[in-house]
Every structure is written in structure tokens, then in C-alpha cells.
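Hi,

Here is the structure I promised to pass on. Have a look at it first, and my notes on what turned up follow below.

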Amino acid sequence: MKRTLILPALLALAACNTSPADEFVKAQAAFTQHDYRTARIHLASALAVKPDDKAMLLLQARTLIALGDGDGAGSALEKLTGMKPATGELAELSAEAALLRRAPDVALALLSEAKGAEADRLRALAAIQKGQLDKAGEYFESAMKAGGNARLFADYCRFKLLQGDLPAAKSLLARAELADPEGLDVLLVAGQIALTQGDLKRGLDRYDRATKLYPDSLTALTAKAATLGDLGRIDEMLEIVNSAANFAPGDLTVVYLKARGNVAKQDWDAVRAAIRPIEATAPQLHPVRVLYAEALLRLKQPELARAQIAPIARAQPGNRTALALLAETQLATGDAAAALTTIQPVIGDPTARTEELALAAKIAKAAGSSQAAALAQRASNPAPKALAADLAEGDAAIRAQDWARAIVAYDRVLAVTDGRNAMVLNNMAYSQLMVGNLAKAQSFADRAVKEAPQNAAVLDTAGWVRFKAGRELGEAKRLLRLAAEKAPANFNIRAHLAEAERAPG
């Protein structure tokens, strides 16, 4: 209540100290610099004195759309049109505001008389919200024939990614980057494509650029935070998420990322505190409830945890994470028989993980099942099929340069073995290097050298990691020279050595 009273008072005070014209000029400058929150404040001050100024209302609508406030933008546009049917640019802006409110039918009605690329782009987005993907594709094609623009290329690119057509998406991205290389939508979809290809480093670079140019973009902030989380840089991830929470505390994505970061830190109280405010409104099957269930379980509240995870396990019978978590909550509430039934689909899979089998063995023992001994034996010995699948997955990911997928696969291999396979360590080191985790890359590379000190590929990776990190350059060159001596015909090793030799130090 106090904030409601204070804001008008501050705006009135500002209006007394500066003229509406001055405030409007400041708002225009802030908008040009993509500082939309500042622009909103100046516009509110100016409109407090001149509430019907059309130029101010138009900029306010644009500003609120940029901030994702469909309700506020819609109100500003209604004042502009005098509640009459919007036409031309105002119809398009009103439709965009309606799409922000998830009101696709309203948007389509507003665009009933509109023509051109922008109108068809918005129609395509409305069709996507309605689940009419074929219709969306037709609208996108119509917009492309009408000429197109950077936002159209970016949105159509995102649509092609949704359909799994990566070549078409990359072609559209090239057109978008040519039209507006630093547009927000272009940067975001460029990051999305990079992540699709497993190039977390490039994805992070695109999102980082987006947050620098568009500091008020919640989408850019959350995308950057999620990528940092994928890279294991949890403290940096949480710093970004906390910044986003300052102006969007109830946003579901922000809450999910904050909880995810604290799960990584195993700070269960923080996970519960992050999710509790939106518990009643979060969709029943949203992944945030999986995190909430785990937090409640670790905090010794298994009944509450069971209530969170049971609907997800029922609705998604192939979700092994949900099944294992439900089984664990059932065990914790004393229902070992139900837990054993729940975990059966998981342990019946020949690629079941060691941790899943260990949980199953514990459950079977509590239930007095004859399966207990066999499950314990399986848990103590990695399943050959699972291990082979992970190795094949990692090697395929390396060949496809999908570094994120490779890291996940090799991490699984290292977790269930003695962690001394030189080539697994080497490949993990190179994958970590390619996503920008330099400290981790060097750690894995050094472990690989310890296991295979005469292997040229291992020596090359250890030297190259040091060189790219800009540390221990003398040692980097020594390792690369040794690698070249052992494999003189290897082009990649020779290229790495040549580049390192050109560097001073």
C-alpha cells in the first residue's frame, strides 16, 4: 500500500521540477538506448501532466511492449485510439500487446484489415499461440513474400527450430543477422541455434551481448542465466537470476532458474523459499515442481514432496527423474511396496543408471523383495549397455561438435568408472575447453596426461588448453612440441603448435 501512495507522489514531485517536454526528451533518449525502465519512469512523469499527449502515449506503448507489459501497453493504445478500432501501425502494436497477454484471438481481430509483412508476422505468432502450426507456416511464408524484416526472419527461424529444420533455421538466421545483427530477437535466436548445436560458448556470447545492449530484456537475462547453469557456473547464474528477480520476482522462468541454481548448491531452504510464493499458480506439470518436490523431500517433508511429484509421474510415465523421485518419497513415507512398483519401469531399462539402481535396491530391501540382492549387484557394477551407450553418445557428440551433449555423456562414464580412462578424460577436457570452462578443461587434461603421458592426442589437448587459457605458455609449448614429435603427420597438432609458437612468452 505504501508503494502505491509513494509512486504518484514521486511522479508529481518530478513533474514540478521538470517540464513534460523535458521528461519526454529524456524518455526518448532512454528508449533509444534500450533503457526501457528509465523511459517508463520519465513517460509516467510527463503523462501525469499531459495525459492525452499522443506522441507520449505512443512511446509509452512501445516502451511497455519492450518490457513485456501487454496490459499496460494495451491501456496506452486504447487511450490513443479513443477506444475506436485501431488501424495501421496502432493495430499492429495493439495486436502485439494482445499477444503479450496470450490473447491470440484478440490479436487476429485487431489485424483483420491489416496487410503487409509485419501484420502476417503477428498473425503467425497468434497461430502458434493457438497451436495452429500449419497456419503459422502459411503466415510466415506470406510475410516473407511481402519483403520481411529482421524480426520476421528471427521469428521464422525460431519456428523452423521448433519444427526441427535446422538448415532452414540457419539460413533465416543469416538473413536476420544481415538485416539487424544486434537486434534483440536476432541475438536471442542466434544464441538458441548455438545451444541447439551444443555450442554453449557461442550461445553465451550471444546472450551476453543481448543483456549488454538490452539490459531490461527478461528473456535475454534468463537465457544467459540458463546457459551459465548448463556450463556449471552456478554463482554467476544466480547473480543474473537475482538481478532479474529485482523487476520480475514472480516470473515463472526466473523462479525456476533461481531454484535450479540452489539445487546445484544443495541449498534446499533456498529452493523452497524461491518456489513457495508461486506454488499455487505454477502449472501442475511444470519442471519447477520437480525441484520443489526434491527440496521438500530433503527437508524431511516427504508427504508434501509426494503431492508435488505424483501428478508429474502419472502424466509422464517415461520421466525417469520423476518416477525415481516419487519412489523415494513413497519410501520415505513408509510405503515401500508402492515405491517398488513405481521404480519398476526405471530398473527394467537396461540403461538404468547406478544411482537409480542403488535407490531401487534400497527400496526392494525395505519392501522385503527378492530383487534386492540382484539390484544391489547391478548398482555396484555399471551396466555394459549403459556404459557403451554413454561412450557412443559422447563420441558421436564430439564428431558433431555438440560439446554440451559430449560433456553430459562423458560425465556419466566417469561417474560409474574409476575415472582413469585417458581418452574419456581427454575428450572431456576438449569439450570443456570448447564451451569455455577453462579451469575444468585443464583439470581433465592433466588427469589424462597422468594416465597416458606418451599419447600425442592427450599431450596436444593439455598444451592447447593452457595456450587458449593464456596460462603457463612455456609449458603449453613444451607439451605441444612433444605431441608434434610423437605424431608428426597430425595436421591439427602441427596447427596448434604453429599458433602457439607465434605467441610471445
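W403 is buried, at a relative accessible area of 7% (buried is under 20% relative accessible area, exposed over 50%, and partly exposed in between, with a 1.4 Å probe and protein chains only). Before you read on, note that this is a predicted model, where local features need pLDDT of at least 70 and side-chain atom pairs count only at pLDDT 80 or more, while totals for chains, interfaces and linings use all residues. Residues are numbered from 1 along each chain as its sequence is written, and side-chain values use heavy atoms, with hydrogens and water left out.

Back to the tryptophan. A search of the whole structure gives 6 aromatic pairs (rings of Phe, Tyr and Trp, the last by its six-membered ring, pair if their centres lie within 6.5 Å; planes under 30 degrees apart count as stacked, over 60 as edge-to-face and the rest as tilted). W403 and Y430 make an edge-to-face pair, because their ring centres are 5.7 Å apart and their planes stand at 70°. W403 belongs to helix α25 (residues 403–416) and Y430 to helix α26 (residues 422–434), so the pair ties together parts that are 27 residues apart in sequence. Helices here are DSSP runs of H or I with at least four residues, strands are runs of E with at least two, and both are numbered from the N terminus. Unlike buried W403, Y430 counts as partly exposed, at 25% relative accessibility.

Two more ring items. F140, Y156 and F159 come together as one aromatic cluster. Then there is R37, whose charged end sits over the ring of F247, 4.1 Å from the ring centre (the test asks for NZ of Lys or CZ of Arg within 6 Å of the ring centre and within 35 degrees of the ring normal).

Staying in helix α25, you will also find V413 there. V413 is buried at 4% relative accessibility. Leaving aside neighbours within four places in sequence, V413 is in contact with L387, D390, L391 and V424 (contact means heavy atoms within 4.5 Å). If you want a long span to look at, V413 and P302 are 111 residues apart along the chain, and their C-alpha atoms are separated by 31 Å.

R466 is worth a click too. This arginine lies in helix α28 (residues 456–469) and counts as buried, with 7% relative accessibility. Not counting residues up to four places away in sequence, R466 touches Q442, D446, R471, E472, L473, E475, A476 and L479.

A194 is another buried one, with a relative accessible area of 3%, and its helix is α12 (residues 184–196). Setting aside neighbours within four places in sequence, A194 has contacts with D199, R202 and G203. A194 and D205, 11 residues apart in sequence, have their C-alpha atoms 9.7 Å apart in space.

For the exposed side, try P167 in helix α11 (residues 166–179). The relative accessible area of P167 is 60%, so this proline counts as exposed. From P167 to K145 it is 22 residues in sequence and 20 Å in space, C-alpha to C-alpha.

Which residues have a positive phi without being glycine? R102 is one of them, at about 60°, and Q266 is another, at about 55°. R102 sits in the loop between α6 (88–100) and α7 (104–110) and is exposed, at 60% relative accessibility. Q266 sits in the loop between α16 (252–264) and α17 (268–275) and is exposed as well, with a relative accessible area of 58%.

Finally, the whole chain. The protein chain has 30 helices and 0 strands, and its C-alpha trace spans about 75 × 65 × 50 Å along the principal axes. Of its 505 residues, 45% count as buried. Among contacts between residues at least 6 apart in sequence, 50% join residues at least 24 apart. The accessible surface comes to about 24,700 Å², with 54% of that belonging to carbon and sulfur atoms (Shrake-Rupley method, 1.4 Å probe; for residues, only the protein chains shown count as cover). As for charge, there are 62 positive and 57 negative side chains, and the centres of the two sets lie 2 Å apart. Lys and Arg count as positive and Asp and Glu as negative, without His and the chain ends, and each charge is placed at NZ of Lys, CZ of Arg, CG of Asp or CD of Glu.

Cheers
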